[in-house]
Amino acid sequence: MSKSNQLSGEEREALIERIALQLLQGEISQGQALQEFRKKITGLNQSDYAKLTRTSRKTVSEVENDLGNYSSDIINRLFKPFGLKVGLVPASARLKRRTLRT
């Protein structure tokens, strides 16, 4: 995890929060979020990240490109290094905004 060594704990946490918020607000896709996390926080290539998360490089690539239909178990493995897991979020933009304000 070469790049993570360059980020302080606070910087890493702030970056995770920013990307997670963009994901929750629908500004970026799940795949875009994973790619941002992988590159900016771990600095790992897809193959090394796949080893870290006990998945395949193909799975990492497909999820990052918003392809395929993966189980919550696989998605949880991919996002676990960042303290995130699959969950329910409001479907409507209005309810999502209201929920995020609280």
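How many aromatic pairs does a search of the whole structure find? The search finds three aromatic pairs, and since the model on your screen is a predicted one, please read the values along this tour as computed from that prediction.

Begin by selecting F37 and F82, whose rings form a stacked aromatic pair with 4.6 Å from centre to centre and 15° between the planes. If you colour the chain by helix, you will see that F37 sits in helix α2 (residues 30–42) while F82 sits in the loop between α5 (72–79) and α6, so that the pair links distant parts of the chain, 45 residues apart. Now show the surface and ask of each ring: is F37 buried or exposed? F37 is buried, because its relative accessible area is 0%, and F82 counts as buried too, with a relative accessibility of 5%, where buried means under 20%.

Keep F82 selected and add Y49, which forms a stacked aromatic pair with F82, at 6.1 Å centre to centre and with 15° between the planes. Because Y49 lies in helix α3 (residues 46–52) and F82 in the loop between α5 and α6, this pair ties together parts that are 33 residues apart in sequence. Y49 counts as buried, at 0% relative accessibility.

Next, add F79 to the selection, and you have one aromatic cluster made of F37, Y49, F79 and F82.

Finally, turn to the surface and select R94, R97, R98 and R101, which gather there in a patch of positive charge. Within this patch, R98 has its place in helix α6 (residues 93–101), and R98 counts as partly exposed because its relative accessibility is 44%.

Notes. Residues are numbered from 1 along each chain as its sequence is written. This is a predicted model: local features need pLDDT of at least 70, side-chain atom pairs count only at pLDDT 80 or more; totals for chains, interfaces and linings use all residues. Side-chain values use heavy atoms; hydrogens and water are left out. Patches are made of residues with over 30% relative accessible area and no salt bridge: like charges are joined within 9 Å, nonpolar side chains (Val, Leu, Ile, Met, Phe, Trp, Tyr) within 5 Å. Accessible areas come from the Shrake-Rupley method with a 1.4 Å probe; for residues, only the protein chains shown count as cover. A salt bridge is a side-chain nitrogen of Lys or Arg within 4 Å of a carboxyl oxygen of Asp or Glu. Lys and Arg count as positive and Asp and Glu as negative; His and the chain ends are not counted. The place of a charge is taken as NZ of Lys, CZ of Arg, CG of Asp or CD of Glu. Helices (H or I, at least four residues) and strands (E, at least two) are DSSP runs, numbered from the N terminus. Buried means under 20% relative accessible area, exposed over 50%, partly exposed in between (1.4 Å probe, protein chains only). Rings of Phe, Tyr and Trp (its six-membered ring) pair if their centres lie within 6.5 Å; planes under 30 degrees apart count as stacked, over 60 as edge-to-face and the rest as tilted.
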